Amino acid sequence: AKAKQCLDQIEVYIDEQSKKDDEQYKAIMSHITAAESGGRHSGHFSSLAGFALEGPKKQDIAEIKSRATSARSKAKVSELKERGNLVYSRIMMNCNSYSDVDNKDETKYIDNLFKLLVEVVNNLQENTNQTSNFKLPDTNSQYSFSTHLGQNQKDIFNLSLSAARTIFMKRHLTSFNNQTEDPFDLLCSIYPKGHKNHLFIQLELLSTILLVSKEPKGKRCQDVTMDQRAIDIGKDLVSEIVIAISTNAAKGHSDSIESISTLFSLSKSGNSFDVQKVLKQSRENFARAVSLYYTLDDGFGKVIQWCDLLIEILVASQQYSFANHNNNSVDPEYSCDKVISEVMAMKAVSLSMNKCYGEALKLAREAWEKCDTEIGNLVTLFHCSVYYETFSSPDDTDKVRTYKNTLLELDNSLSGFLSVSKLTSPSSGLVDKLIEAFPVMCTTATQVEKMDQSGPLLLGLEQRYTELLVRYATFWIFSQQDNHCVLTLPGQNNIFSVLKSYLGNFDTMLSVTYTQFENSWYLEQF
């Protein structure tokens with residue numbers, strides 16, 4: 001109640017100040033009009049508080065009029081910002097004060113408040129359009145006013161995004177069933193597709209949807225269209241960005257600075273936006289979506305779609321970085337093939353889990369060829385190869401698999417990786433990472449083989465694991481520290497423990513094979 005009273009008092013103050021400003025402006029303009037018509041009212045100017053002028057005879061009337069108009073416009077912009085802050089405070093207060101979102105009166109009240117906030121944003125936008133060609137005699141005053149207007153418009157726009165996010169999350173994290181207007185749709189009515197702010201509205205909506213989807217299903221409204229809506233937003237974002245970059249590339253790069261400033265002019269009014277910011281937010285949101293759905297049991301289909309979008313936006317970032325190589329506008333981390341290959345690997349795993357084994361193996365090979373120094377790509381290739389050989393032929397369930405193709409694929413990958421590792425510095429730790437990856441691959445082999453820790457695939461892995469440890473033991477076994485020799489195998493690996501496991505599995509496999517052979521021989525005899 002006290003907070004509401006404070007906001008009411010602030011509103012009264014804004015109304016009174018606005019009334020005083022209007023009266024003062026009207027008085028000034030009336031005297032200017034009288035001075036322009038008769039020239040005998042110059043004494044009235046000196047009596048106006050705050051305007052210590054010496055009369056129209058010593059001061060150009062046109063400049064006085066321009067300055068008065070500028071001052072009134074600036075005051076109007078400040079008033080709109082104050083009203084926007086006031087409405088935003090009311091929205092946040094009401095969203096946090098009631099819990100029954102099915103209350104139609106409260107819902108309608110919040111919708112009306114947000115419409116007021118959108119109206120403030122719209123008024124600021126109209127002021128921007130009206131003053132775009134407005135010129136003051138004083139250049140510094142002109143720059144100051146345009147900067148003031150742009151900053152206030154940006155602040156209120158950000159407040160409207162925050163309010164829309166709060167309302168959207170409030171209603172979708174509860175059992176809200178009433179049909180109400182989407183706050184983001186109201187903002188899009190002011191900034192339609194093609195305006196620079198439209199993309200930021202879509203990015204904010206996408207981020208909000210992902211936050212809602214992150215919550216457990218019991219805590220949010222069951223909206224089956226929300227996930228698809230997020231994917232559609234991602235597709236629209238990629239489409240606009242890729243088209244803009246392609247258009248710029250077609251024009252050539254004779255003037256890189258000019259091309260950067262006009263790269264994303266998506267409307268006739270010349271609405272350009274921060275390319276780096278859009279690319280960065282798109283990458284972050286798409287990566288967040290991949291991570292979110294990757295943790296869900298039934299999310300592999302969506303992971304595949306989001307990986308495609310993330311790859312496209314990474315390629316777009318790469319193209320933009322190459323086109324403006326003299327300008328470090330894009331983080332190099334997102335401009336290299338390594339990150340793209342990692343996303344391709346995640347998509348390959350999702351395809352494999354989605355029972356698209358052939359397509360998954362093909363994509364895993366492409367990811368490994370794109371970056372053959374990334375251990376994760378090697379592990380992914382092994383995973384997809386195992387799943388392809390295990391599950392691609394369901395009719396051969398009774399056939400004992402030797403996994404020759406998988407082990408051959410692994411040998412080729414290891415050979416290429418070790419060749420590359422010799423060309424790098426020892427401090428890069430590539431071989432250390434390879435050694436640490438073998439237990440992960442052994443776990444995968446154990447999961448897919450019928451015989452627990454006794455199959456040919458696990459045996460082949462442990463053989464290569466032991467050979468690799470022995471081959472490169474000279475790099476790790478001894479290191480000189482305080483004149484003492486210490487064991488420094490990477491990943492706390494022990495050659496003898498791996499060898500022991502290998503011999504145990506080999507003995508088990510021999511026993512199983514001998515038993516099967518013996519039973520088969522008895523069946524043939526009788």
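These are my notebook entries on cavities, one helix and the nonpolar cores of a predicted model.

**Entry 1: cavities**

I looked for enclosed space and counted two cavities of 30 Å³ or more. The largest cavity holds about 50 Å³. I listed its lining as Asp 111, Phe 114, Lys 115, Ile 167, Arg 171, Glu 181, Pro 183 and Leu 186. Helices H4 (104-130), H5 (139-172) and H6 (183-190) are the elements that each give two or more residues to this lining. H4 gives the most, with three residues. By residue class, I noted four nonpolar, no polar and four charged residues in the lining of the largest cavity.

I then took the second largest cavity, which has about 30 Å³ of space. Its lining consists of Leu 378, Leu 381, Phe 382, Thr 406, Glu 409, Leu 410 and Ser 413. Two or more residues of this lining come from each of helix H14 (375-391) and helix H15 (404-423). The largest share is that of H15, at four residues. Here the classes divide into four nonpolar, two polar and one charged.

**Entry 2: Phe 114 and the cores**

Phe 114, which I had met in the lining of the largest cavity, turned up again in the largest nonpolar core. That core has 111 residues, and those touching the most other members are Ile 91, Phe 114, Phe 286, Trp 306 and Leu 434. Helix H11 (residues 300-323) supplies the largest share of this core, eleven residues.

I also pulled the contacts of Phe 114, leaving out residues up to four places away in sequence. The partners are Ile 91, Ser 160, Ala 163, Ala 164, Ile 167, Pro 183, Leu 186 and Leu 187. Of these, Ile 167, Pro 183 and Leu 186 are also among the lining residues of the largest cavity.

A second core is separate and has seven residues, including Ile 28, Ile 32, Ala 35 and Ile 61. As background, nonpolar side chains in soluble globular proteins tend to be buried together.

**Entry 3: helix H12**

Which span should the 17 residues of H12 have at 1.5 Å a residue? The expected value for H12 (residues 337-353) is 24 Å, and the end C-alpha atoms are 24 Å apart, so the two agree.

I checked burial next. Twelve of the 17 residues of H12 are buried, so the helix is largely enclosed by the rest of the structure. The buried residues are Val 339, Ile 340, Ser 341, Val 343, Met 344, Ala 345, Lys 347, Ala 348, Val 349, Ser 350, Leu 351 and Ser 352. After H12 comes Lys 355, with a positive phi near 70°.

Conventions
Residues numbered from 1 in each chain as written. Predicted model: local features only at pLDDT ≥ 70, side-chain atom pairs only at ≥ 80, totals over all residues. Heavy atoms only, no water. 1 Å grid on protein atoms, 1.4 Å probe; cavity = no way out; pocket = protein on both sides within 12 Å on 5 of 7 lines; lining within 4 Å. Points joined across faces, edges and corners; volume = space filled by probe spheres on them. Nonpolar A, V, L, I, M, F, W, Y, C, P; charged D, E, K, R; others polar. Expected span 1.5 Å × (residues − 1). Buried < 20%, exposed > 50% of the residue type's maximum accessible area, 1.4 Å probe, protein only. Core = buried A, V, L, I, M, F, W, Y, C linked by side-chain atoms within 4.5 Å. Contact = heavy atoms within 4.5 Å.
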